[in-house]
Structure formats: C-alpha cells, structure tokens
Amino acid sequence: MKFAGVDPATFGFVKVTGWKDERQPDGMLSVLTYRGGVRGAVRQEGLRQVTVTFLVLGEDEVAIRHTLSRLTGWLTAPRAACALFGEGEAWRYYRARCQTVSAPERQGLTARVTAVFQCEDPRPYSTATGKPMIDWDAPLCDFTFAGKHCYRDFGLLFEETGYQVLPAPDASIYRIPGRDGTIRMADAGRMVRTITGRLYLCRADGVDAPLSQGEARSRMHRVAEWLTGAGRAPLIMDYEPDKYYEAEVLDAPVISTEKWPNGCFEVTFVCQSAMLSVERGGVEKQGISEPTLLLLFPLKTGMETPLVIDVWNTSDVPLTGVDLSLRDGSIFSVRGLSLGSGDQLTVDGEKQTVLVNGKDAFECYAGGAFPAITGEPNELRVTPYGGATVSALASIRGRWL
C-alpha cells in the first residue's frame, strides 16, 4: 500500500492487515436522449470508499507512540487528493483523501489503526498514462468525411454497427490435384476494409419538432452530394481524431422512417487497408553541399510508408540534379534540372508526383519506384549536383492496419 508517494512501512513496523473497497450503490445514470427516446445510457459508479487497517508494533512504549504519531500525522496532513495504491497494484491507483482516522486500539506493544479514504473519482487510474481506466467522456462515433462533419454540417448522428478490424490479405492460394493441402504464393498486400453504420437525421436547432418531408428531402439531397460527390476522401472518426482512412461510399443508401421519424439510412464506407496519420512527422537539414545523412523519426508500424521529400536550392549556383538514397542501397535520381536560388523540388511518394515550384516535372525523374521505408533505422541521403547547396525536408505519415 502506498499513499501520497509514501509507504507506511517507512515509519517503523507498520503492516496493512485490512483493505476494504466499497462503492455506494446510488450511482448516477447518464442518459443520451433524443425526442424523448433513449439512445444510450451509462451508469456511473457511486462514491468509492477504501477502508485500510494498519497493525503497528513497537519495541517499547516510546517506540510505539512515536510510530503511531508519525503514522497518524501522515494520514491526517492537509493535502489535495493523492494517489492511493493497494498492495501489489502498482499498475493502478485511486485519487483519494484520508477522511477519518480511528483512535488506536492498543494491546500491549501493538496497536490497530483504521483509516477511511474517500475517492474523488470512483474510477481507477492507470499508472502508465495517468488517465482513468474507464472513460465516461469518450466522444461519440460521429465522423468527418471530405472535410465536413456529419452532425455539425448536416445534422446527422452516426451509429456505428460494424467495423472490419483487419482487411483480408490478397492471397493467391492454389490446390494441386493429388496432393494434400494447398500452396500459398506470396501475398500481394491487403484488400479494403469496411465501416458500416446508420445515419439519423436530426434537427440542429435543438427543437423537438420533427422535420417536414420537404426539409428531410432537401437535407438528403445535400447529404447525397456530400457522400457520393467527394469520391475517395479522408474519413476521420471522432474517437480517433489523429488518424484517417482513404474512404468512399459505393452503395446506394435508402432512407427509411420506420426506425426514426425524421429518417435514417444505412451507409458503408469502403476504406483502403491502412489508417494514416493526420499529421506528418519529419526531419529537416539545411546547407547541404556534401552527401548528408537525414535520420527520420521512428517508424514502428511495420508497414511500407512512402516519403515526401522537399529540396530547396539555397545557393546562387543552379541545381542540376539530386540523388536520393536509402539505407537499403536503393537510389532515386532526378536529372535535367535547372533550379535557381530559392527554387523547390518535391518528390512525393504519397501522390507519386515530381514537382518543381509546384509544376509537374515527372520527365526529370529517373528513380522508377518512389522512395518508401518500412522499419527502423530509417536513413536518407540527399546528394545535390552542380555545386549547389541545398536544404531538404523529409516527411512521412505513420500507417497502421
């Protein structure tokens, strides 16, 4: 047991002999409703009290009095809520204050003291993250698609009904007659994944009156244009705002008023296999006149991830070409350039493009495939030609299955 960073054993012979964890039954019920109907409910636990019994021993009367004084002084000291760890539970704790401490029950050179701790939050907290292990405030499963939010822009609430956890491998499997089992060729990657759910039309003004048929149809025309007109676009779920999918809607949703008076419909997003990081990370180097090693940020997802490399001419000498070489020995070359001071070359492995000052220059690219990295360590050499000095920025988006 530990409280406020202190183990009671530091005060002398003090041992925890009792630990009683109680939750009061009058928990609060949080209900999500719309037009009088319950969409969801979460029962939050009531107040939590932890009662701890300490056994104190002393060599003589002076020693036991001293230990009891230190123990009770530690428990009753004014302080904000502190971490309270149980025996053998270093991985989690409660945020608590010591509410009461009983008078010592003496028997010779032994004493028992009971302390009652009041938890300011009934949830346990993770030692690793410092956050509650049960998240009552997690966002709902609404989403942003093609830059527009389903509820804020269209008054649609999303109920996720299915999520394909792992996209199927694009495997080539053959059976040879007369032999047991099958032969599997090397995988060619993974197929798409799907996210399915229902979208419910709601009023954005907070009024409980139902939508008129004209309002609902007008809204649906806008929604149809949004979902199908965007083609393949980023899909960001509210509960995972730092990642996105490249997704598209390929089915033909049919709106129905049987389950929801204003109308609801099923939707299926067909997503590419990998989730992508919304933000790029990268490393920048300036003043490169010799081959220079750029160390990229750690990539621990294990998936092949394309690079985006920007090179600027920072000298008055024309930049005639650039070699980009990776740790595995592969080289990607750009030749036939004539970049003046301040001009920019971009080799974009995500979009498979080569640009000079934003204009297409793919004819100058002699690299074949575009640069991509898979694991760690990640290294990139930028070698300028023509005697120019350059600055370079290599950036990348994390990828996850």
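1. E266 is partly exposed in this predicted model, with a relative accessibility of 37%. Its side chain forms a salt bridge with R198, and the closest N and O atoms are 2.8 Å apart. E266 belongs to strand β19 (residues 264-271) and R198 to strand β16 (residues 193-201), so this pair ties together parts that are 68 residues apart in sequence.

2. Next, have a look at D323, which pairs with R335 in a salt bridge whose closest N and O atoms are 3.0 Å apart. This pair also links distant parts of the chain: D323 sits in strand β24 (residues 321-326), while R335 is in the loop between β25 (331-334) and β26 (344-348), 12 residues apart. Is each partner buried or partly exposed? D323 counts as buried because its relative accessibility, 12%, is under 20%. R335, at 34%, counts as partly exposed.

3. K243 and D242 offer another pair to inspect: their side chains meet in a salt bridge with an N to O distance of 3.4 Å. Here the lysine is the buried partner, as K243 has a relative accessible area of 15%. D242 is partly exposed, with a relative accessibility of 42%.

4. Which residues are linked in a network of salt bridges? E61, R65 and R106 are joined in this way, so it may help to display these three side chains together when you open the model.

5. For the overall tally, the count comes to 15 salt bridges. Among them are the pairs E266 with R198, K243 with D242 and D323 with R335.

Terms used: Residues are numbered from 1 along each chain as its sequence is written. This is a predicted model: local features need pLDDT of at least 70, side-chain atom pairs count only at pLDDT 80 or more; totals for chains, interfaces and linings use all residues. Side-chain values use heavy atoms; hydrogens and water are left out. A salt bridge is a side-chain nitrogen of Lys or Arg within 4 Å of a carboxyl oxygen of Asp or Glu. Helices (H or I, at least four residues) and strands (E, at least two) are DSSP runs, numbered from the N terminus. Buried means under 20% relative accessible area, exposed over 50%, partly exposed in between (1.4 Å probe, protein chains only).
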